[in-house]
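Subject: Handover of a structure, with findings

Dear colleague,

Please find the structure below, handed over for your study. My findings follow it, arranged by topic.

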Amino acid sequence: MNIIGIAACTAGIAHTYIAKEKLITAAKNAGHNIHIETQGTIGVQDEIPDELIKSADIVILAIDVKVSGRERFADKKIIEVPTEIAIKSPNKLIKKIEEAISQ
Amino acid sequence: MSLNKILDEQVITTNINAKDKNEALLILSEKLLNAGYINDISSFLEDIYYRESLGATGIGNYIAIPHGQSDSVLRNGIAIGKFNQEIQWETLDGKGVKLIFLFSVSANHDGANEHLMLLAQLAGKLGNDDVIDRLLKANDSQEIKQIFTSC
């Protein structure tokens, strides 16, 4: 499965980057491809390349604030959760994504 | 960019005794003050507690990452404290915390600042369970620094 997504937290200093790391580890352990963009105080990092948006099966938004560029996912299935969920139970979240895709 | 640039042994402390969250934050803030990262403890802590009021900074696995942007910050940096007791904290897994990463971030930053990027990089490593296991076993500040620069 090809997963793309964005992580962004309230202060944009720490939770964003922890959420990203947790999601990547959990997705890879479950055998998926994943690319997570971060939107924090330092701006956008690891912006999702267009070709990955095209090939994505699902978009995960682990966000506590409004993010920019949401229109890029107009025709995609989106799962939105707070960063807390991505940090606390990343494996469960990936399972939920798998279920959403198979439906 | 190397994490060595923001990992400052002057503000990495192990073997600390604190009875609660307030005392723990105060001890680490004093370190930041003495090392010239902040110029006022009470206004710094006020901004830290403001961020605390927005949501849990205990990310689970005995780790807390209190942070906030404050006018009292002179230099962006991070104080790391390893405590002998489990300290009560608002955490995602309901456990207390033993390792506290207190971020000092200036309120007047100019966007893509190198130190902020390094802090982000360091925060990302806290999302790695192996790193956390090693940090929880570390005995001194040098060892903590090494874990971050070798992973």
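B:N15 is found in strand β1 of chain B, which spans residues 12-16. Please keep in mind throughout that this is a predicted model. The phi angle of B:N15 is near 60°, a positive value in a residue that is not glycine. Is B:N15 buried or exposed? Its relative accessibility is 57%, and because exposed means over 50%, B:N15 counts as exposed.

B:Y62 also deserves a look. This residue is not a glycine, yet its phi is positive, at about 70°. B:Y62 sits in the loop between β2 (58-60) and β3 (63-64) of chain B. With a relative accessibility of 21%, B:Y62 counts as partly exposed, since that class begins where buried, under 20%, ends.

Two glycines of chain B come next. B:G55 lies in the loop between α2 and β2 of chain B and, at 22% relative accessibility, counts as partly exposed. The C-alpha atoms of B:G55 and B:E90 are separated by 8.2 Å, with their positions 35 residues apart along the chain. B:G68 belongs to strand β4 (residues 67-70) of chain B. B:G68 has a relative accessible area of 6% and is therefore buried. Its C-alpha atom is separated by 5.0 Å from that of B:I48, although the two are 20 residues apart along the chain. Which residues does B:G68 contact, leaving aside its neighbours within four places in sequence? They are B:D47, B:I48, B:R51, B:F103 and B:V105.

B:F103, one of those contacts of B:G68, leads to the nonpolar cores. The largest nonpolar core has 55 residues, and the members that touch the most others are B:I65, B:I80, B:F101, B:F103, B:L126, B:L135 and B:F148. The largest share of this core, seven residues, is supplied by helix α1 (residues 15-29) of chain A. A second, separate core holds 24 residues, including B:I16, B:L25, B:L32 and B:F44. Apart from its neighbours within four places in sequence, B:F103 has contacts in both chains: A:I13 and A:A14 in chain A, and, among others in chain B, B:F44, B:I48, B:I65 and B:G68.

The packing of helices is a further topic. Two packed helices are described by the angle between their axes and the distance between the axes. Three pairs are set out here.

In chain B, the axes of helix α1 (residues 21-34) and helix α2 (residues 41-54) come within 10 Å and cross at roughly 130°. These two helices, α1(B) and α2(B), are therefore oblique to each other, and their crossing is right-handed. The residues that make the contact include B:L25, B:L26, B:L32 and B:L33 of α1(B), and B:F44, B:L45 and B:I48 of α2(B). Of these, B:L25, B:L32 and B:F44 were named above as members of the second core.

Also in chain B, helix α4 (residues 129-137) and helix α5 (residues 141-149) have axes 9 Å apart and pack at an angle of about 170°. How are α4(B) and α5(B) oriented to each other? They are roughly antiparallel, because angles over 145 degrees count as such. The crossing of α4(B) and α5(B) is right-handed. On the α4(B) side, the residues that meet the partner helix are B:V131, B:R134, B:L135 and B:K137; on the α5(B) side they are B:E143, B:I144, B:I147 and B:F148.

In chain A, the axes of α1(A) and helix α4 (residues 90-102) come within 9 Å and cross at roughly 60°. This makes α1(A) oblique to α4(A). Here too the crossing is right-handed. A:K22, A:L23, A:A26 and A:A27 of α1(A) meet A:P90, A:N91, A:L93 and A:I94 of α4(A).

A:I97 is placed in helix α4 of chain A. At a relative accessible area of 1%, A:I97 is buried. Setting aside its neighbours within four places in sequence, A:I97 is in contact with A:M1, A:I58, A:I60 and A:I79. From A:I97 to A:D75, the distance between C-alpha atoms is 17 Å, and the two are 22 residues apart in sequence.

Finally, a record adds one item on chain A. An unreviewed UniProt entry carries the annotation "domain: PTS EIIB type-2" for residues 1-99 of chain A. The end C-alpha atoms of that span lie 12 Å apart, and the span is 37% helix and 28% strand.

Yours sincerely,

A colleague

Terms used. Residues numbered from 1 in each chain as written. Chains lettered and ligands numbered in written order. Predicted model: local features only at pLDDT ≥ 70, side-chain atom pairs only at ≥ 80, totals over all residues. Heavy atoms only, no water. Core = buried A, V, L, I, M, F, W, Y, C linked by side-chain atoms within 4.5 Å. Buried < 20%, exposed > 50% of the residue type's maximum accessible area, 1.4 Å probe, protein only. Helix = DSSP H or I, 4+ residues; strand = E, 2+ residues; numbered from the N terminus. Contact = heavy atoms within 4.5 Å. UniProt positions renumbered as here; feature names shortened; annotations may be inferred. Axes fitted to C-alpha atoms, helices over the stretch in contact; angles between N-to-C directions. Parallel < 35°, antiparallel > 145°, perpendicular 65-115°, else oblique. Left-handed = near helix turned anticlockwise from the far one by under 90°.
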